[in-house]
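Work through the exercises below with the model open. Try each task before reading its solution.

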Amino acid sequence: MEQSLKKLNVKQILVGKPLKSTDDDSHLLTRFQALAMLSSDALSSIAYGTEQIVTVLLTLSAAAIWYSLPIAALVLVLLSALTLSYRQIIHAYPHGGGAYVVSTENLGNNVGLIAGGSLLVDYMLTVAVSVSAGADAITSALPALHPYNLLISIVLVLLLMLMNLRGLRESAGFLLVPVYTFVGATVLLLIVGMFRVVTGDISYNATSHIGTAVPGISIILLLKAFSSGSASLTGVEAISNAVPFFKKPKAHNAAGTLALMAIILGVFFTGITFLNFYTGVVPNAHSTVLSQVAHNIFDFNGVGRIFYYIFQFSTAMILAVAANTGFSAFPMLSYNLAKNKYMPHMYMEKGDRLGYSNGIISLAAGAVVLLLIFNGSTARLIPLYSIGVFVPFALSQTGMVVKWHREAGKKFWRRAISNIIGATISAIIVLILLIFRLADIWPFFVVMPILLAIFYAIKRHYTEVAHQLRLEDKIVDHVFTGNTVIVLVGNMTNVAVGAMSYAKSIGSEVIAVHVSTKETGHKDREVEAEFKKIYPDIRFSIVESSYRDIVKPVVRYVDLISKLAGKKNNTVTVIVPQFVPKRSWQNILHNQMSVRMRYYLSWRDNVVVSSYSYHLKK
């Protein structure tokens with residue numbers, strides 16, 4: 001029992017026991033699991049996609065709402081083009097990376113970094129938007145919690161982070177319930193709704209008939225409504241980024257999952273937009289469009305009211321977990337950027353549960369920062385969310401057009417037709433956002449240059465490191481004649497004696513150094529006398545410190561000895577003694593001077609820093 005308690009730690013409680021690398025394949029995703037894990041963002045967007053279109057049209061008049069139907073048809077065209085294009089990307093680039101890899105290979109590194117950087121920011125926004133929308137749904141049902149919207153959002157981010165740190169299959173298993181409950185509830189809503197429409201059981205309350213001429217309607221207003229409704233397509237690219245997470249055959253399973261997600265999304269978006277038009281629902285401050293549609297459809301008897309509450313609960317759940325798409329795609333994108341040396345190499349490392357845990361943690365931290373900056377406001381986050389996804393959409397589609405032109409020549413258009421459509425519509429949406437929503441999206445154009453500068457700085461660093469570490473044709477092996485060892489001695493204890501014994505075994509010259517401060521001055525001579533009694537032949541140096549600082553005087557002394565040792569062709573080794581408590585928690589009871597000392601000494605050139613650890617038995 002006691003032994004098992006020793007092995008138990010907080011990390012294993014939260015994340016789980018480490019998995020062997022050989023377990024990797026068994027923890028990959030089936031289509032059923034991947035649909036839940038990677039489509040939650042796209043499917044949840046139907047909760048606000050139709051509403052975004054109607055809200056823009058309503059700025060003119062309620063009569064303009066019928067235009068939501070042709071706008072929805074155009075959104076479906078874009079969805080079809082993107083789905084076909086990303087299926088091509090999955091098969092052409094089965095190692096994942098999506099828009100970043102496609103843009104880099106076909107349009108160059110600079111364009112690739114714009115696509116990659118946009119998606120990194122967008123995935124953070126995905127998490128922030130999703131959890132804030134989920135918090136809104138929760139507090140709408142429980143108004144007493146409304147003052148805690150921001151706190152609820154942050155807690156949801158942390159819960160999703162822990163869930164994803166536990167591994168792919170565990171997080172996918174957790175998502176099965178909310179995602180498939182929402183899918184089932186929405187299917188029921190559409191079936192009941194269409195049945196009641198066909199049988200005439202529900203009144204036709206459209207604000208205007210299809211084809212009605214609406215005074216003041218303009219192409220600009222329609223384009224704004226289209227760009228707003230296209231927010232429903234965010235998350236479509238996530239599966240192409242996460243192909244390595246699928247079971248074999250990876251590309252085949254990923255393409256199949258993408259097609260299924262697109263069909264579900266298309267049917268749901270079309271059905272809800274039609275029912276919204278037919279029932280004449282108009283957005284208001286007290287209830288979402290989707291909630292009003294569901295209320296109208298299920299409001300036929302007591303049982304129907306139960307289905308309404310089930311639907312509302314499932315909507316709140318999927319909005320709360322929709323952020324998980326970002327937790328799946330962001331680490332894979334970070335991996336690809338790190339592989340090309342534009343992000344730190346730590347993003348290529350897998351954690352105990354075989355996930356890219358550094359990417360997961362970074363995404364959660366970025367989302368929390370965004371929530372704090374925007375105070376958890378979904379409305380303020382969505383415009384940034386749109387620009388962050390449609391820039392990579394446009395670039396990746398253009399990249400695929402270039403790829404087909406290079407590989408197929410003049411007949412490239414047969415393969416590239418979906419890419420051309422996708423690139424054109426995505427570029428139009430970006431242009432609309434630039435013209436009409438610049439006041440909302442300007443932070444994107446501040447963040448992106450900073451992010452690109454960071455990418456280039458990291459790349460330069462890795463290039464310079466590789467250049468300096470590379471072996472030359474002629475290798476000069478410098479032979480040293482001795483080793484000057486400096487041992488830091490605070491008091492004469494078993495720790496100091498052990499460190500001195502080790503120093504004598506490796507050094508041709510050993511020097512003990514003791515730092516004297518005003519507070520310890522009366523003990524310095526006692527320490528020196530005790531030391532000389534044991535080691536009469538070893539040099540004992542006392543270094544004065546006027547400001548109670550121990551580190552800087554030691555560093556200056558080491559610099560002096562290093563110069564003298566260099567003249568004698570000696571190496572210099574600094575030994576920092578420390579004792580290790582029996583239990584790890586007991587470290588907080590002692591100062592961490594040895595950690596600070598090692599840190600500052602590690603920056604000295606031509607100096608080896610070594611720790612001597614004395615382990616306490618009780």
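**Exercise 1: Place Asp-559**

Asp-559 sits in helix α23, residues 551-567. Helices (H or I, at least four residues) and strands (E, at least two) are DSSP runs, numbered from the N terminus. This is a predicted model; local features need pLDDT of at least 70, side-chain atom pairs count only at pLDDT 80 or more, and totals for chains, interfaces and linings use all residues. Residues are numbered from 1 along each chain as its sequence is written, and side-chain values use heavy atoms, with hydrogens and water left out.

Task: explain why Asp-559 counts as partly exposed.

Step 1. Take the cut-offs: buried is under 20% relative accessible area, exposed over 50%, partly exposed in between (1.4 Å probe, protein chains only).
Step 2. Asp-559 is partly exposed because its relative accessibility is 25%.
Step 3. Its C-alpha atom is 8.9 Å from that of Val-607, 48 residues apart along the chain.

**Exercise 2: Surround β1**

Task: find which strands pair with β1.

Step 1. Pairing requires at least two DSSP bridges between two strands.
Step 2. β4 (residues 570-580) pairs with β1 in the parallel sense over 6 bridges. Gly-482 stands opposite Asn-570 there.
Step 3. β2 (residues 509-516) runs parallel to β1, joined by 5 bridges. Val-485 faces Val-510 in this pair.
Step 4. From β1 the chain passes through helix α21 (residues 494-506) to β2, a right-handed β-α-β crossover. With the strands pointing away from the viewer, a right-handed path from the first strand over the helix to the second runs clockwise.
Step 5. In β1 (residues 482-488), 7 of 7 residues are buried.
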